[in-house]
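The report that follows works through the packing of selected helices and the surroundings of a few individual residues. Please keep the sequence and the coordinates at hand while reading.

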Amino acid sequence: MPHKELPVEVVADIQRIFKLDPEPNHGLDALTGFNPRPTERVDTHRFSQRREEEALGSLTETQSHLAQQQAELQEMISTYRGELQRDQDPGRMQLVQELISELLSQMNRIREKATESEAIVQSITKEIQVLDLAKRNLTTSIRTLRQLQMLENTVSQLDGFVGTKQYTEMAHALSATKELSASIKPLASVPTVHLVMQHIQLTQGRIRTQLDQDFDALYVKVSTGWKLLSGHDADVAQVFPKFWNVGQNLVARFADITRDDLAAALTKAAPTLTVTSLLEALQITIDFESSLSSRYGIPFYEITNSSPKTSKGTSISTVFEPHMGVFVEAQNKALADMLASSRGAKSRPSLEGVIASSFDENPVLVLPSSTELFYFYGQNLEQCAKLSNRKPLSDLCDLHKKWLRVYAEDVLFSSLRSTPKSERERKSMEGRFIELNNACVVLNTADYCHVTAIELEDKIKEKISDDYREQISLQAERDLFVSVISSAITVMLKEVESAVELGLAMMLRTQWGALTTVSGESPYVESIVRAVDTVVGSVRARVEQKKYLRNFYDKAANLLLTKFTNALVKSRPLKEIGAEQVLIDLQAIKACLLRFSQGMEASALSATYVKTITKSTTRLETLLKVINSPIDPTEGFVSNYTLLVGDNSFSNFQKVLDLKGTPRTDQNALLDKFLTMTSTMQDLESTSFLTSLDMDPSATPLTSSSLVTPNSSMLSLPSLLPSSATASVGLMTPPMGSSSGGGMETTSPATRREMFSGMRKLVSFATRRDREGSINP
């Protein structure tokens, strides 16, 4: 058996068991020095024997494994050795070198081709550059030739204008000539261009010489006349008799000639006339006329009357009047720019911005734009009056009227129009204050414009000529501002109506007919009083003119009592207890309205207001007292009605029964008794304050009508609510048409009694039929 080395693992185990030195060169050599101690020999031998047996058992497997590994290694070695021999083949190395040489040759050929291509491209590019240069030179030449041709044509036209002395066309042609010559000036060395430039210089010299000659001629003409005027007093005045007024005749003739020359010059310059040049020339003319007036001590128009061959009473400055439209149009444009930021859709944001920018301790009462407008009016009025007091001043007045209308309609009235946002914000207290602030500022501004418009009209009449004085009137514009004031008060009333809606809704929800006892003021009264005090206090603090406060107080009181009366009618049946409770509530409402008079300065106005409110609330108190009285006995109830109300109107008595909530079965007896008793009372009236009481009031807000432009048919406040002057006619309610029983009686007392007698029989018959029908169904 050939000698084979043991595996490394077997040798390591043997060394560990027998504690042999692991350093010997061969694993089997370590066994030569093995000499166990005698005491351990037997055990060691047994152990060694077992280990050898185990090793011998796995020896075959180990040898097979080693042989397999040896075969694999031999195969790998053979493979690597074959590849090495193949790579070191001289033929293969030569092939690689040949390929490398071929690659280098191709690279050299590519480099040569690239050099050739570069040379070709440079050649082509050079040709293109030459062509581009040629194109650029050609384009420049064509443009220069065209400009030169245009210049020659312009110079030719300029020569024609110089010959005919058309200075306006000459100026345009000369300007074009300078612009064209500047572009070709670098080519002045070219002979053709040089000739043209020389010709231009010669033409400019001719123009300069010709202008000097024309100016000299004009100056000689004017100066000759002026020298004649100025030297007359010193040189030859003593030669002529004084009463001939030779000097004044010379001035009149000079003015006539000068006026004609100025008229021709102004007509020719009209398309290009500016405000500055016009006013400057007019001011010089006026100064000239003033100096002559001072010399002779009489107005200039009287000087022009001295000569029989001149225009009578016509000054030199009148020649400017047909052209003063330039001045008026300039003022129109300035006013349009001034109000552009606060007109139309911008009016309300502009108003709210002005109010928001002011401090609480110094709130804005009048819009600054109104004061700026009238300050501008005053300035250009003074300026125009110094220049002319005739038609130009009348035209300026028309312009002022136009922009007063614009300010009233597009600035003030437009800012009162509510927007969807403002309608939503009105439901809150803060939004309500915003609406009130806007209305108060607009009212104050409209009043300022109304008063200042009167002063403006007087100022214009003071300065304008007598021929135009009767045409001056700003009444229509002042009426517009009065309409704006009415619209502002309507907005305030709308806020009052909106503020009390919550309290009135609480009143309508109260079951008045179910009350069994009377207590203090009802809860809704506090809500109404607090809302009214808040709105009125805000208006009182911001409205400047107290006369408008009185107007607002009257209408606010009318509005509140109207709303209260309508709510009272809708709350029926009231019964006796309910009427007594409402009577107590009415006293609190009355006290709230009477507090308005605390802001009135004049005691007479305060007393009148208190008297009006007392008279109005007394009617409501009378109605409630009648409702509060018991219907049993019927004679007492009817007598109480005739004593308190004082009419014999069947329909009015029916209204009281409806408000009281009297059953239909009981109403028949009461109506019968009413007809019987009133038919014998000759002193009763046919109508009373109950005649206008509407038993079916509309739910539409009294101030819900939308505002319209003041220039159109705006709904006035007196037609919306009864004023203090007409409040005594009815029960503080809007115009009331159909109520149960008809309208106003206009028949005589005798005819009315006969009618009531027949009606009584009809009612009695109907009552009997109802009773019989209920008994025998």
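## Helix H23 and its packing against H24

H23 and H24 cross in a right-handed sense. In this predicted model, the axes of H23 and helix H24 (residues 664-678) lie 11 Å apart, and the two helices pack at an angle of about 150°. On the H23 side the contact is formed by Phe650, Phe653, Gln654, Leu657 and Asp658, which meet Arg664, Gln667, Leu670, Leu671, Phe674 and Leu675 of H24. Sorted by class, the residues of the contact between H23 and H24 comprise seven nonpolar, two polar and two charged.

How many of the 11 residues of H23 are buried? The count is 11 of the 11, so H23 is largely enclosed by the rest of the structure. The buried residues of H23 include aromatic side chains such as Phe650 and Phe653, but also Lys655, Asp658 and Lys660. Just after H23, the backbone at Gly661 adopts a positive phi of about 80°.

## Lys660 within H23

Lys660 belongs to helix H23, which covers residues 650-660. Is Lys660 buried or exposed? Its relative accessibility is 3%, and because buried means under 20%, Lys660 counts as buried. The side chain of Lys660 reaches the backbone oxygen of Ser629, at a distance of 2.7 Å.

Once neighbours within four places in sequence are set aside, the contacts of Lys660 are with Pro573, Leu574, Lys575 and Glu576, with Ile627, Asn628, Ser629, Pro630 and Ile631, and with Phe637. Two of these contact partners, Pro573 and Lys575, are taken up again below for their backbone geometry.

## Backbone features at Pro573, Lys575 and Pro633

Pro573 sits in the loop between H19 and helix H20 (575-594), and the peptide bond joining Arg572 to Pro573 is cis, with omega of about 5°. Lys575, for its part, is placed in helix H20 and has a positive phi of about 65°, although it is not a glycine. With a relative accessibility of 30%, Lys575 counts as partly exposed.

A cis peptide bond is also found from Asp632 to Pro633, where omega is near 5°. Pro633 is located in the loop between H21 and helix H22 (634-644).

## Leu624 in helix H21

Leu624 is part of helix H21, which spans residues 603-628, and its relative accessible area of 1% makes it buried. Which residues does Leu624 touch, not counting residues up to four places away in sequence? They are Leu568, Leu574, Ala579, Val582, Leu583 and Leu586. For one of these partners, Val582, the C-alpha to C-alpha distance from Leu624 is 7.6 Å, while the two residues stand 42 residues apart in sequence.

## The H17 and H19 pair

Helix H17 (residues 475-509) and helix H19 (residues 546-570) have axes that come within 9 Å of each other and cross at roughly 30°. Angles under 35 degrees count as roughly parallel, which means that H17 is roughly parallel to H19. The H17 and H19 crossing is right-handed.

The H17 side of this contact consists of Ile485, Ile489, Met492, Leu493, Val496, Glu497, Val500, Glu501, Leu504, Met507 and Leu508. The residues they meet in H19 include Tyr548, Phe552, Leu559, Leu560, Phe564 and Leu568, together with Lys555, Lys563 and Lys570. By class, the contact of H17 with H19 holds 17 nonpolar, one polar and five charged residues.

## An exposed loop residue, Ala345

Ala345 lies in the loop between helix H10 (325-339) and helix H11 (347-357), and at 75% relative accessibility it counts as exposed. Between Ala345 and Arg417 the C-alpha to C-alpha distance is 9.8 Å, and the sequence separation is 72 residues.

## The chain as a whole

The secondary structure of the chain amounts to 26 helices and zero strands. Of the 777 residues in the chain, 38% are buried. Among contacts with a separation of 6 or more, 79% involve residues 24 or more positions apart.

Methods:
Residues are numbered from 1 along each chain as its sequence is written. This is a predicted model: local features need pLDDT of at least 70, side-chain atom pairs count only at pLDDT 80 or more; totals for chains, interfaces and linings use all residues. Side-chain values use heavy atoms; hydrogens and water are left out. Helices (H or I, at least four residues) and strands (E, at least two) are DSSP runs, numbered from the N terminus. Buried means under 20% relative accessible area, exposed over 50%, partly exposed in between (1.4 Å probe, protein chains only). A polar contact is a pair of N or O atoms within 3.5 Å; within protein, one must be able to donate a hydrogen and the other to accept it, and residues adjacent in sequence count only if both atoms are side-chain atoms. Contact means heavy atoms within 4.5 Å. Axes are lines fitted to C-alpha atoms, for helices over the stretch in contact, and angles run from 0 to 180 degrees between N-to-C directions. Angles under 35 degrees count as roughly parallel, over 145 as roughly antiparallel, 65 to 115 as roughly perpendicular and the rest as oblique. A crossing is left-handed if the near helix is turned anticlockwise from the far one by less than a right angle, and right-handed if clockwise. Ala, Val, Leu, Ile, Met, Phe, Trp, Tyr, Cys and Pro count as nonpolar, Asp, Glu, Lys and Arg as charged, and the others, Gly among them, as polar.
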